[in-house]
Amino acid sequence: MVSSLVRTTTTATRSSLGGKKAAKTVKTVQPRILGRLYHDESFGYRKPPAFAFPDYTEAQLQNRHANAALLRYVDSVRMHAHRAARIDPLDLIDRESEVAALNPGRYGLPVDDPEHQFNVNGIIWTHPNVSEQRGSEQELMTMDEINRRLREVYVGRIGFEYMHSPSKTERLWFSHLLESNSIPASAFQSHKLRKRIHGLLARSEVFDNFLQLKFPNLKRYGLEGGESMLPALDSLFSAAARASLSHIIVAMPHRGRLNLLTDPELLKYDPTGLFYKIRGGAEWPEELVGEIGVGGGVEGDVLSHLTSSANLHYPNTKPLKVSLLPNPSHLEAINAVALGKTRAKQYSLLRTSPETCQLGDRVMCIQLHGDAAFTGQGVVMETLGLSGLPHYTSGGTVHLVVDNNIGYTTPIAHARSSQYCSDVGKMIGAPVLHVNGDYPEDVFRAMEIAFKYRQYFRKDIIVDLLVYRRWGHNELDVPNFTSPLMYEKIAARKSVPRIYEEKMMSDEILTQEEIESVRKEYRTHLDSALVALSGYKSSLSDSNSPVSSSSSSSNSAAPSALRMKSQWSTIHWPTSPSAITHPSTGVDLDVLRELGRASVKVPEGFEVHEKLKRFVKGRLGSLEENGKGVDWATGEALAFASLMLEGNDIRISGQDVGRGTFSQRHAMLVDQRTERVVVPLNEFLPSPPNSNDERVGKLELANSSLSEMAVLGFEYGASWERPDLLSIWEAQFGDFFNGAQIIIDTFVSSAETKWLKQSGIVLLLPHGLDGAGPEHSSCRLERWLQLTNDRYAHNSSPNNHQTINMHIVFPTTPSQYFHLLRRQMKRNYRKPLIVAGPKALLRLPAAASPLEEFAQGKSFKPVLDDPIFEPQSQSTKQAEVKRVLLCTGKIYYELAKERKERGLEDKVGIVRVEEIAPFPFVELGDVLAKYSSRETDKEVWWVQEESRNQGVWGHVQERLRNVQGLEAVDVKYWGRKESALPAPGVGKMYKEQQERVVKGAFEGL
Ligand SMILES: Cc1ncc(C[n+]2csc(CCOP(=O)(O)OP(=O)(O)O)c2C)c(N)n1
């Protein structure tokens, strides 16, 4: 019985698993098993209670039978009325002049008899209270009344699409909500609300006019024509605040971003800071900005990507924190990042109130989109696809498409093959509300309905806000070049704020003077903000970026004076002197043995697959004294477990990660009779000694959909939110990361430099040529290396570990991998870590690590010297070798084998560069000194299995010349020739090439 193999206690401390206190006794393992499906209860998230909508009563069903023609008609209206609804301000959507489905005469109904009464009970909802309607026998209406009611509901300024939902409950919920008038339009007509709406619209227009006047050459992507976006968001924010949400994460593109940012009732960005940025100033304190003309340090981003967080205060609610995330130019790329951050934030909040909090209770993601981007970008579909998955859902996103019927110069007829830009949402059955942006009160109402749906069902919903774009794509464009008729229409229109003001005056809510005073007041506010520009200095505010403790008052605040906020408060800025780059990562061996055993323990009666029993046995054996060495998966499990014991959560995300693509990980085990899942590390880790205030972390094995871009983006977003989470994304094979290239370029490799955002994300990218063909062979190290800002020469100040944008490593032993994972969390700052992961080494006996390599005092080594020259007593031999082969990755083992077969151990040394970026100038120089590599009769070769134009050679070639001792050495390249492919597809060819590389490295000796 597998479970009987583990019955132990451990000796460990919580704070440091290898520290002085390591001998303290901790509590006995407390199995918390199980009786649940792993996927059903994802990490403390309780699902919302299923919303039950009562079915029709017998009487209602009978009436539906009796009035089948009426039923068909009503359902047709529900289904097709959006095609007739007055949703399009410019009337540009290509639609039939008459929607035949809305004609009751076509359903055999007696339309000519005005007196005829129909029993509509069970067909149309007439009562806000469902049970009242269920209780009544008859609800009588004439055809006229029916038509009036249906038209009021469905053919107004909001078009509803919900009948495509596969859920009967949702369809019933929607039809009841609308037809019973549960959220009536009249609710959005209070004077107070209308004045608030007016303020938002008027300020937006004043702001756009102000920028146009003061900065006429600026591309500001103004909101003119789409001003209703602001009341739409205000509606959503206030509904969220009323529902006691505490945080909103907003993802949005360029259009109207500055309007939202600077509005004093919304995101409250200091307009002086904005003007400073427009004038070419930095959005960060000057001391952080890279050297001019040289680069490095913080280099910032453009105006239209600025960000802010603000606390909003709505009446009788707690403050609502709204955070607008930074955004790259690549449209829609932010979506999944925002979702990952939302879920991670909810998880953090939930930890403090698990009893009361359910998925999406506290945090909501809002995503804004342009119509062209929403339709065209594939990541939209990928991200929507995550919305309902157990490890990716975040409780429902409200999508707001600012739909101006044009993308740059592309009109809708060329932008999409679907009727609406929102049709992609139907893929997940999301309801869609199309609303006319000329009518801000309807917009307000639509958002309220959308939020209500999200709250009930915790699912995504789309609001398609139909507006127009008064100017070109930006204000310097001439839209008439390509859309003269559209722009003729637009030019003839009064602005949305002005139309609303006319209505406010005719309804006697505001006078002309009051209107002008609202506008004047804001203009004055902006004027004085512009005046304040002289003497202005940027400051910092975001939680994941540093905050200058001396505020923005002085240029002398060195990065060392920077601190982080909220959940990042224990994290330092990477270049500060307090940054710890080389923490101790080794762990007490007894603790490790216990953790290793826990990693394969299962509950009594749990039936593990027959083959996996060997896997379990092998792991347990490898942990024993004189075991055969620890394999890759065990090294990883030990890293996870030890980090968890220190309180860190771990999340590994990607396709089939629980088992592992190569059937190596098996971090989740499945009962062969019941399909019950157990994640042993979540169940059998020992409790930390002081369990009152400290917790053991959790391992979330997030088996994902078959997406790279959205899934990596999601994980990356989680890493922004939680520095205490080891957040890992694993590609099935290394080259599949290229589907996520946008996330890598615009977030992973550049966020710290653009936005001062740290991330400790780890990417695991299986790499290595093993005959698998052009794909499945390479994680394209050359591309990763090209994306780093790794220095060309050694420069001890500032330390390259602290200034590099991301680490690129290719560990060749499980212990190296173990120390890397632990280093990632034990450092007091965060950097992305890109791991070229092995395939061939996963089970290679030669690659196994003795357990001692994991012990206290051991750490990751950027360069591995040739083990055949250990122990030190043999170092004289080392100086005598004729040729030193430098390499990275698994070819080391092939070279070592060949050398042995040729009996050339005393002539050839093989040195592994395990950390490629930052390039280990010093460590490599130290190792090579042992080989007397500068002597003229020595040869130094760089050997790689990747083609010459690929792999690591391009990166190291120049850097090798800057290694002390190699300055005058002509390092020879040895490997494949240039190729268009990462590896040949013809099996024989692969073999011959590989043999040539391996054997050729020893020729001439
Ligand atoms: C991935 C990507 N492709 C192309 C662009 C260039 N681009 C910027 S805005 C834009 C048009 C966007 O249209 P839409 O989504 O309708 O938003 P709008 O500007 O109309 O508000 C284009 C093509 C981009 N930023 N990102």
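## Exercises on a predicted model

In strand β12, I461 is the bridge partner of V398. The model used throughout is predicted.

**Exercise 1. Place β12 among its neighbours.** Which strands are joined to β12, and in which sense do they run?

Solution.
- Step 1. Start from the V398 pair. Strand β8 covers residues 397–403, and six bridges join it to β12. The two strands run parallel.
- Step 2. Look at the next partner. Strand β11 spans residues 432–436 and is joined to β12 by five bridges. This pair is parallel too.
- Step 3. Find a residue pair here. V432 stands opposite I462 of β12.
- Step 4. Trace the connection. Helix α14 (residues 440–457) forms a right-handed β-α-β unit with β11 and β12.

**Exercise 2. Judge the surroundings of β12.** Is β12 enclosed or open, and what is the state of its two faces?

Solution.
- Step 1. Recall the rule for strands. In a regular strand, side chains alternate between the two faces of the sheet.
- Step 2. Take one side of β12. I461, V463 and L465 lie there, and they are buried.
- Step 3. Take the other side. I462, D464 and L466 are buried as well. Both faces are thus covered.
- Step 4. Conclude. Six of the six residues of β12 (461–466) are buried, so the strand is largely enclosed by the rest of the structure.

**Exercise 3. Describe how α6 meets α7.** What are the angle, the axis distance and the contact residues?

Solution.
- Step 1. Locate the helices. α6 covers residues 191–214 and α7 covers residues 229–242.
- Step 2. Read the geometry. They pack at an angle of about 140 degrees, and their axes are 8 Å apart.
- Step 3. Classify it. The angle makes α6 oblique to α7. An angle has to be over 145 degrees to count as roughly antiparallel.
- Step 4. Give the hand. The crossing of α6 and α7 is right-handed.
- Step 5. Name the residues. α6 contributes R196, I197, L200, L201 and S204 to the contact, and α7 contributes L230, P231 and D234.

**Exercise 4. Do the same for α22 and α23.** How are these helices oriented to each other?

Solution.
- Step 1. α22 spans residues 709–721 and α23 spans residues 741–748. They pack at about 25 degrees, with axes 8 Å apart.
- Step 2. Angles under 35 degrees count as roughly parallel. α22 and α23 are therefore roughly parallel to each other.
- Step 3. In α22, the meeting residues are M709, L712, G713, Y716 and W720. In α23, they are I742, I743, I744, F747 and V748.

**Exercise 5. Map the seven-stranded sheet.** What is the strand order, and which strands form the edges?

Solution.
- Step 1. The open sheet runs β18-β15-β19-β20-β22-β21-β26, with mixed pairing.
- Step 2. The edges are β18 (699–703) and β26 (915–917), each pairing on one side only.
- Step 3. Check the twist. Neighbouring strands of the sheet are turned by 20 degrees against each other on average, direction ignored.
- Step 4. Inspect one end. β21 (residues 807–809) and β26 pair antiparallel over two bridges. Here I808 stands opposite A917.
- Step 5. Add the helices. α22 lies across β15, β19 and β20, at about 170 degrees to β19. α27 (residues 814–826) lies across β19, β20, β21, β22 and β26, at about 130 degrees to β19.

**Exercise 6. Map the five-stranded sheet.** What is the strand order, and which helices pack on the sheet?

Solution.
- Step 1. This open sheet has the order β23-β25-β24-β27-β28, again with mixed pairing.
- Step 2. β23 (863–864) and β28 (972–976) are the edge strands, each pairing on one side only.
- Step 3. β24 (residues 883–887) pairs with β27 (residues 939–947) in the parallel sense, over four bridges. L885 stands opposite W941 in β27.
- Step 4. Helix α29 (residues 891–902) packs on the sheet and touches β24, β25 and β27. Its direction makes about 170 degrees with that of β25.
- Step 5. Helix α32 (residues 987–1000) also packs on the sheet, touching β24, β27 and β28. Its direction makes about 160 degrees with that of β28.

**Exercise 7. Classify E58.** Is E58 buried or exposed?

Solution.
- Step 1. E58 lies in helix α1 (residues 58–66).
- Step 2. The cut-off for exposed is over 50% relative accessible area. At 55%, E58 counts as exposed.
- Step 3. Compare chain and space. E58 and R134 are 76 residues apart along the chain, and their C-alpha atoms are separated by 9.3 Å.

Definitions and conventions:
Residues are numbered from 1 along each chain as its sequence is written. This is a predicted model: local features need pLDDT of at least 70, side-chain atom pairs count only at pLDDT 80 or more; totals for chains, interfaces and linings use all residues. Side-chain values use heavy atoms; hydrogens and water are left out. Buried means under 20% relative accessible area, exposed over 50%, partly exposed in between (1.4 Å probe, protein chains only). Two strands pair if DSSP finds at least two bridges between them. A crossover is right-handed if, with the strands pointing away from the viewer, the path from the first strand over the helix to the second runs clockwise. Axes are lines fitted to C-alpha atoms, for helices over the stretch in contact, and angles run from 0 to 180 degrees between N-to-C directions. Angles under 35 degrees count as roughly parallel, over 145 as roughly antiparallel, 65 to 115 as roughly perpendicular and the rest as oblique. A crossing is left-handed if the near helix is turned anticlockwise from the far one by less than a right angle, and right-handed if clockwise. Contact means heavy atoms within 4.5 Å.
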